[in-house]
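Let's take a walk through this chain together, one region at a time. Have the model open and turn it as you read.

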Amino acid sequence: MPTVGVKRDLLFKALGRTYTDEEFDELCFEFGLELDEITSEKEIISREQGDTKASGASDIILYKIDVPANRYDLLCLEGLVRGLQVFKNRLEAPRYRRVSPVSGEPQKLIITKETAAVRPFAVAAVLRNITFTQERYDSFIELQEKLHQNICRKRSLVAIGTHDLDTISGPFTYTAKPPGDICFKPLNQTKEYTATQLMSLYKTDSHLRHYLHIIEDKPVYPVIYDSNGVVLSMPPIINGDHSKITLKTKNVFIECTATDVTKAKIVLDMMVTMFSEYCSQPFTVEEAEVVYPDGKTCIYPELAYRKEKLSSEFVNRKVGINESTEKIVQLLTRMCLLSQATGAGDEIEVEIPPTRSDVIHACDIMEDAAIAYGFNNITRTTPRTYTVANQFPLNKLTELLRQDLAAAGFTEALNFALCSQEDIADKLGKKISETKAAHISNPKTAEFQVARTTLLPGLLKTIAANRKMPLPLKLFEISDVVLKDDTKDVGARNSRRFCAVYYNKSPGFEVIHGLLDRTMQLLEVKSACGEGYHIQAADDSTFFPGRCAEIFVRGKSVGRLGVLHPDVINRFELTMPCSALEMDIEPFLGHTAETLLTHDVPMQEVIPHRFPALSDSCQAPASRPTSTKTVFGDMSSPAGLKALDEFLADKSYVEGFAASQADMAVFDAIPSAPSLTFCHLLRWYKHIKSFQRERASLASAKSQFVLPAAPAASTNNASGDDDDDIDLFGSDDEAESAEAARIKEQRLAEYTAKKSKKPALVAKSSILLDVKPWDDETDMAKLEECVRSVSMDGLLWGQSKLVPVGYGIKKLQIGCVVEDEKVGTDLLEEAITAFEEYVQSVDVAAFNKI
C-alpha cells in the first residue's frame, strides 16, 4: 500500500480542528485508512543515516498514512483532506468542470507519427490563475512522484510533465528524434546537453537512473517543443529548465505522455482535480486540444462523470446489514459518490466522479457503503456454509519429519529460495545448463539470480558462516526447490526436498547413512530391493569419487548421499570433510506415509458412499428411540437444545473428528429440526442428516450421550405382582451405597496422608564428559580449572584424567553427578564451551542414571 506523509499541523489546519493521535488513528480507520507511523523528518534521517546527518533536520511531526493502492485521489494532502471533510459531512463533494479559455483558442499539442515507436499517446490540460505556496508547491511535486511510482509504473506507462505556461508559447509539438539531434538545458543544470550526453550523465543519478532503461535502447527519443523550438521535456526522463514551475507560476501547462492512453487520462484527471481548488475559479480546468497523427482531435481533460445503478438489497446482502434505501444513499454520498433513490423499488443511482477511477463494479460501490457504515458496526454472524479444514498432506509429512530429525540431533536451517548461478552450478562442479534452473530475468543482485534446484548450497553456506561453532555441525533443511517443467502451465514446478549435512574432522558418512535409515524407518519403508529402498554406487561431480550412492525407493531414484568432493568444500570456504544427503520426499506421500497423516483428521473419505437402489430409497427410516434425555439435557426443551448448541459452537461432531454412532444417537433424540436461534446446532443437524443412508457403517460411539428412557408406570392391575420384584426407589441400596462411598473416601484420605510423609526421590545421573582443546599448545591445567569453575545447584564434579587423542593432543575426561531436574547436558555443555580460548568442543562420553 502506498504511504502518504503529511505534516500534522498542516493537516489539522486544513481539517479545521485538531485531533489527538488516538482520535486521528480512529478517524483513519473509519475512513478505510491506517495511520502507519507518527514520526518526524529528523527521526527518519537519524534512523536511516545516523544522528550526525539528522542534526539540522526538521522536528515537525509527520503522519505516515497507508492508503489503498487504487485510491489515487488520496495520494496528496488536498485529496486526503477533501475526502475526510466529505466523510464527516463538513463539506459537499465538489463539482469539477472543464472550461474553455476566456480569450483565444485552447492550447494545442500536436503528435507526430515518429512517436509511435516509443510513446504514442499524450494528453494535456491547463491550470489557469493558480496560486502556489511552499506547502502547495511541495504537495504538487510529491503527487507527481506518487503517481509515477504507482499507476504510472515508474514512468513506464505514463510520464508527467508540468511547465510554466507563461515562459513558453503554443502550439506544442510532441515528436521523436535520434538522441544526437536533441539538445537542451535539462532541469536544474547550467548548460545544454545532447540526449546521448544526458543518458551518460544520469547513469550515476540516484533518482533518474531508474528510468533510463525505458528509452535507452530506442533508435529515437521522445521530445516536446513549443512553437519557438524550446524543449519542454524529454519524457520520461527529464523536463527542460526553461519552463520549470516556481512559487510565482500562475498558469501551469500539464502534459502526460504514455504507452497506455487510459492510464494517461486517469493521471491527468488526478493532477488537475487535486489542485484546481487553488485556481481563481476553484475546481475549473482549462481544456487543451490534442491532435493525433491521423488528424483525430481530442479535448482533454475528460473529467467524465458516469452513473451506475444498483439495489439497496444488493448492498445489504453483501455487507450483512439491514438498512433502508435512504440510509444507504447517505452512506455512499459520504464517500464522494453522490447518490439518490430512483423511486423504482429499492434502486439507487450512483454518480461516479472523475476522481474515483477505482470504481469499476457494483462491488466497489458496496465496499464504500460498508466503509461508511463502519466495519465495527456490522453484526457478527455465523457463516451458513459448512466446511472441514485439513492440513495439506505434504506439509503434514514435513512437520512429522522435522520433529524426528531434530530429535536425531540435527539442527534445522531455513535458507533463501533464490541463489546465485555459481552456488548451484560452478561451486558444485556442474554446468548451469544441466540444472533445470528457473532464471530471474532482471536480478537485483548477484546473490539472487536463479531459483534454487538443490538445498545443499544453502546448508554449506550456513556452515561457512558458523565455522567457529563447536564441532560436529549437523544441519538439515526440508523446503521446496524449483525445477523447470514444460508440462506445467507456468513452465516450472516446486519439489519438496530433504537435505542434511554432517561437518566434522572426519567425513562421517556413517552418520548420514544412519540418518537415511532412520528417515526410512519413520516412513515405514523397509531396506530391501523392489518394494523397499536400497542404495547403489553412483558418480556425481559434487561428491568424492567412489564415495557417492544413489537412493532408490521401489525402483525409483529419489536422491543421493555421500562425501563431498574436496573442491566443493574449498569453493564454499570450508576446511574439513563433509557428508551430505539430499532426497525428494514427495514420492512417499502415496504409500505408508499417507496413513500417518490420517490418524487424527481424515484426509479422504474413509467410508465409501454407497448409492442406494430405488428400492432402498423407498424403505422407511429407522424408528427413533423414545428417549429425549441426553447428557446435555432434555432435547425436547429449549434449555437442552441451548446446551447442545453451545457444545457444538467449536466442534464439528459430538465425538471425535468424523461422524459416528454418537452423532446418530443424539440426532435421533432431537424430536424435530432446531430453530434458526440455535445456529451451531442447526448446522450440525443438517450435516448429520446427510449420513442417514450409511448410518449403519459409521464408527461406534466411545461414550454414551443418550440416557435410557424411564419405564412407563403400568396401569394394569394384573401386573401388580411384578411391582414387588422391582424396587424403583431402592432406599436400602442407596443407604448401602452411601456407606460404601464414605468408607472409600476415608481410605483414600488415609492413603494420601501416608504417601505425603514419604520423602521424594531425587533423580540423579552420572555423566562422563570429553572436553577437547583446540590444539596441542592449549594449557590443559588451565582448561580443567575453567571446567571445574562451572558451578550450578545440583552439580558435583568428580575425578578427571587426560586421554591422548593423537599428534600430541590430549582431551580432558571428567566425571560429574547432576540432579536431573536442576542440571541438563545442554546447559552444562553451553557453560563449558563458553571458555572459547581453551575449549573447542564438549561431548557426552557416558550417561548413566543413578
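Start with β21 and strand β24 (residues 473–484), which pair in the parallel sense over 2 bridges. Since this is a predicted model, everything described here is a property of that prediction. To find the pairing on your screen, look for Glu 412, which stands opposite Phe 476 in β24. As a reminder, strands of a sheet pair through backbone hydrogen bonds, either parallel or antiparallel.

Now widen the view to the sheet that these two strands belong to. It is an open sheet of 7 strands with mixed pairing, and its order reads β21-β24-β25-β29-β28-β27-β26. The edges are formed by β21 (411–412) and β26 (533–537), each of which pairs on one side only.

Helices pack on this sheet as well. Helix α11 (residues 393–407) lies across β21, β24 and β25 (492–503), and its direction makes about 160 degrees with that of β24. Helix α13 (residues 456–464) also packs on the sheet, where it touches β24, β25, β28 (556–564) and β29 (578–584). Relative to β25, helix α13 runs at about 35 degrees.

Next, move to the other edge of the sheet. Here β26 is joined to strand β27 (residues 543–553) by 5 bridges, and the two run antiparallel. Ala 537 stands opposite Ala 549 in β27, which is a handy pair for getting your bearings. The connection between β26 and β27 makes a hairpin, with 5 residues between the strands.

Continuing inward, β27 pairs with β28 in the antiparallel sense over 7 bridges. One position to pick out is Ile 551, whose bridge partner in β28 is Gly 559. β27 and β28 form a hairpin too, this one with 2 residues between the strands. What backbone angle does Arg 554 take in this hairpin? Its phi is positive, near 55 degrees.

How is the whole chain divided into domains? The assignment gives domain 1 (3–88), domain 2 (97–300), domain 3 (306–375), domain 4 (394–597), domain 5 (638–691) and domain 6 (764–849). For a sense of how these are spread out, the C-alpha centres of domain 2 and domain 6 lie 76 Å apart.

Go back to the beginning of the chain for another sheet. This open sheet has 3 strands in the order β1-β3-β2, paired antiparallel. At its edges are β1 (3–7) and β2 (34–40), each pairing on one side only. On average, neighbouring strands of this sheet are turned by 25 degrees against each other, direction ignored. Between β2 and strand β3 (residues 61–66) there are 6 bridges in the antiparallel sense, and Ser 40 has Ile 61 as its bridge partner in β3. Across β1 and β3 lies helix α1 (residues 8–15), which runs at about 80 degrees to β1.

Where does the largest cavity lie? Domain 1 (3–88) and domain 3 (306–375) both give residues to the lining, so the cavity lies between them. Its volume is about 120 Å³, and the count of cavities of 30 Å³ or more comes to 1. There are 14 lining residues, and the closest to the centre are Asp 73, Arg 82, Tyr 96, Cys 336 and Thr 355. Which helix gives the most to this lining? That is helix α4 (residues 77–87), with 3 residues. By residue type, the lining divides into 8 nonpolar, 3 polar and 3 charged.

Finally, some backbone details deserve a look. Gly 170 and Pro 171 are joined by a cis peptide bond, with omega about 0 degrees, and Pro 171 sits in the loop between β7 (158–164) and β8 (172–177). A cis peptide bond also joins Pro 235 and Pro 236, again with omega about 0 degrees. You will find Pro 236 in the loop between β12 (231–234) and β13 (238–239). Arg 153, although not a glycine, has a positive phi of about 50 degrees, and this residue lies in the loop between α5 (134–149) and β7.

Notes
Residues numbered from 1 in each chain as written. Predicted model: local features only at pLDDT ≥ 70, side-chain atom pairs only at ≥ 80, totals over all residues. Heavy atoms only, no water. Pairing = 2+ DSSP bridges. Helix = DSSP H or I, 4+ residues; strand = E, 2+ residues; numbered from the N terminus. Axes fitted to C-alpha atoms, helices over the stretch in contact; angles between N-to-C directions. Contact = heavy atoms within 4.5 Å. 1 Å grid on protein atoms, 1.4 Å probe; cavity = no way out; pocket = protein on both sides within 12 Å on 5 of 7 lines; lining within 4 Å. Points joined across faces, edges and corners; volume = space filled by probe spheres on them. Nonpolar A, V, L, I, M, F, W, Y, C, P; charged D, E, K, R; others polar. Domains from an automatic or database assignment.
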